[in-house]
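Dear colleague,

Please find the structure below, handed over for your examination. I would be grateful if you would read the notes beneath it alongside the coordinates.

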Amino acid sequence: MFSDPLIAVYALLLVAILVIYMGRRKKAEARSIAKYTSATEAGLLEPASLHPVIDPGQCIGCGSCVSACPEGEILGLIDGKAVLVEPSHCIGHGACKTACPADAITLVFGTEKRGVDIPHVSPSFQTNVPGIFIAGELGGMGLVRNAIEQGRQAIESVRRLNGIGKGRRYDVVIVGGGPAGIAASLAAMQHKLRFITVEQDSLGGTVAHFPRGKLVMTAPATLPLIGKVNFKEISKEKLLAFWKGVVNKTGLKINFGERVEMVTQVGDGFQVKTTRATYSTRSILLAIGRRGTPRKLDVPGEESPKVVYRLIDPEQYRGQHVLVVGGGDSALEAAASIAEEPGTTVTLSYRSENFSRAKLKNRERVAKAQSSGRLTCLMPSEIKRILEREVEVEQGGRSRMIKNDAVIVCAGGILPTAFLKSIGIEVETKYGTA
Ligand SMILES: Cc1cc2nc3c(=O)[nH]c(=O)nc-3n(C[C@H](O)[C@H](O)[C@H](O)COP(=O)(O)OP(=O)(O)OC[C@H]3O[C@@H](n4cnc5c(N)ncnc54)[C@H](O)[C@@H]3O)c2cc1C
Ligand code: SF4
């Protein structure tokens, strides 16, 4: 067929490269279809906040967006077009949009079905309520870097308010001990503002709630009193250790385990009521993220220290009787991973009849643990009381006591929208718009 043997060799090489390329692309497409099907079955098609929308008419299927995403295969190519195959894992890096040579990607908040509430915030981070500022993910932009930058810049705006440094009140109450709250607190320290920082949980914000894994930072940020921060890739544990180091080095004080419950306007300032005290302040910086406050069971005994609202380390439950409450992915993941620890007895209680809200992978893990006798599922069931060594569970109209050393409630969170509205902050619900 080819007169020149060299041309024949080149042609064969070309065909081989093409076959390998097509094979890889097919495999990647099969993975994308599997991910997308699993997300669809679990009803997990709604991204949390900022995410890409791909115009299939513009998309040329080059795959640049797929490889640009720092989170891995969240986008995939199906039928030669980019698709958001794991929408619920998208955290809004926006690297896909920058990488797209065809301008086929728009970044938007919310979807047609599920609106995302975004508060009105001016370029100086002030809300429509003068004196109340918002920084970080609550304002709509995710990512550790944005939170750090916004926290720092918001304090610059607070400094310009009339009345700062005067009177017997705080200059600013900073709410939240995540990246935005930490950066804001350091900036407040640097500028010698009179401030207090309160955090309902522990240091580090949303990051502290991740399952173990890596975090990616695609651009540097400046942390007051510390300098430039650019982790590129860092494990959650190392990032939390970094924040602890920052607190130790600077002597920053954060009131942990204290939640802000109510804000009242008084003259040109505010009264901030928390679970522990009431503070008088000229201004407030809300750096509370978007995860909200964990939903409680509201049953007697819930205040016991053995009740927690997230799983940190399954190993700590070795040899214990553990109750997990909830039916979403975090509940199923918690129950299955504790059941894998030696000597544990795990009960999973959920108020519905099936785990339709959870991913197939997690449902399969739970089914496996159940069939090996390491996990018992009580559905539909309801927790009635939490006692020192037992819990009372009602199922099918009958109550029973089960042995218990620890309770993990994974019942979702109460989003901050109602709190924002209660203090007069205007919130817009975005349905797939920028
Ligand atoms: C699974 C996942 C993976 C991610 N991966 C990355 C990544 O790789 N790279 C990246 O840059 N970003 C990543 N992010 C996003 C990043 O974690 C967030 O954008 C960032 O933490 C936002 O910081 P924040 O300070 O605005 O809010 P948060 O980190 O959410 O902190 C808010 C804090 O406020 C506290 N709080 C809330 N309400 C109250 C109240 N009423 N009173 C007192 N305290 C209150 C909360 O307990 C919380 O600690 C990821 C997010 C998720 C969910
Ligand atoms: S980078 Fe743009 S053109 Fe290329 S696959 Fe992604 S969306 Fe399509």
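The notes that follow cover the cavities, the bound ligand and one helix.

Please bear in mind that this is a predicted model. Searching the whole structure gave 3 cavities of 30 Å³ or more. The largest cavity holds about 110 Å³ of space, and 17 residues line it, with Cys69, Cys90, His93, Gly94 and Cys96 nearest its centre. Strand S1 (50–54) and helix H3 (95–99) are the elements that give two or more residues to this lining; S1 gives the most, with 3 residues. By character, the lining of the largest cavity comprises 12 nonpolar, 4 polar and 1 charged residues.

The second largest cavity contains about 90 Å³ of space. Its lining is made up of 14 residues, and those nearest the centre are Cys59, Cys62, Cys65, Ala82 and Cys100. Of the residues in this lining, 11 are nonpolar, 3 are polar and none is charged.

Ligand 2 sits in the second largest cavity. Around ligand 2 there are 14 residues, the closest being Cys59, Cys62, Gly63, Cys65 and Cys100. The shell around ligand 2 divides into 11 nonpolar and 3 polar residues, with no charged ones.

Turning to the helix, H1 spans residues 5–41 and has 37 residues. From its first C-alpha to its last, H1 reaches 53 Å, close to the 54 Å expected at 1.5 Å a residue. Gly43 follows H1 and has a positive phi, near 70 degrees.

With kind regards

Notes. Residues numbered from 1 in each chain as written. Chains lettered and ligands numbered in written order. Predicted model: local features only at pLDDT ≥ 70, side-chain atom pairs only at ≥ 80, totals over all residues. Heavy atoms only, no water. Near = heavy atom within 4 Å. 1 Å grid on protein atoms, 1.4 Å probe; cavity = no way out; pocket = protein on both sides within 12 Å on 5 of 7 lines; lining within 4 Å. Sits in = over half its atoms within 2 Å of the grid points. Nonpolar A, V, L, I, M, F, W, Y, C, P; charged D, E, K, R; others polar. Helix = DSSP H or I, 4+ residues; strand = E, 2+ residues; numbered from the N terminus. Expected span 1.5 Å × (residues − 1). Points joined across faces, edges and corners; volume = space filled by probe spheres on them.
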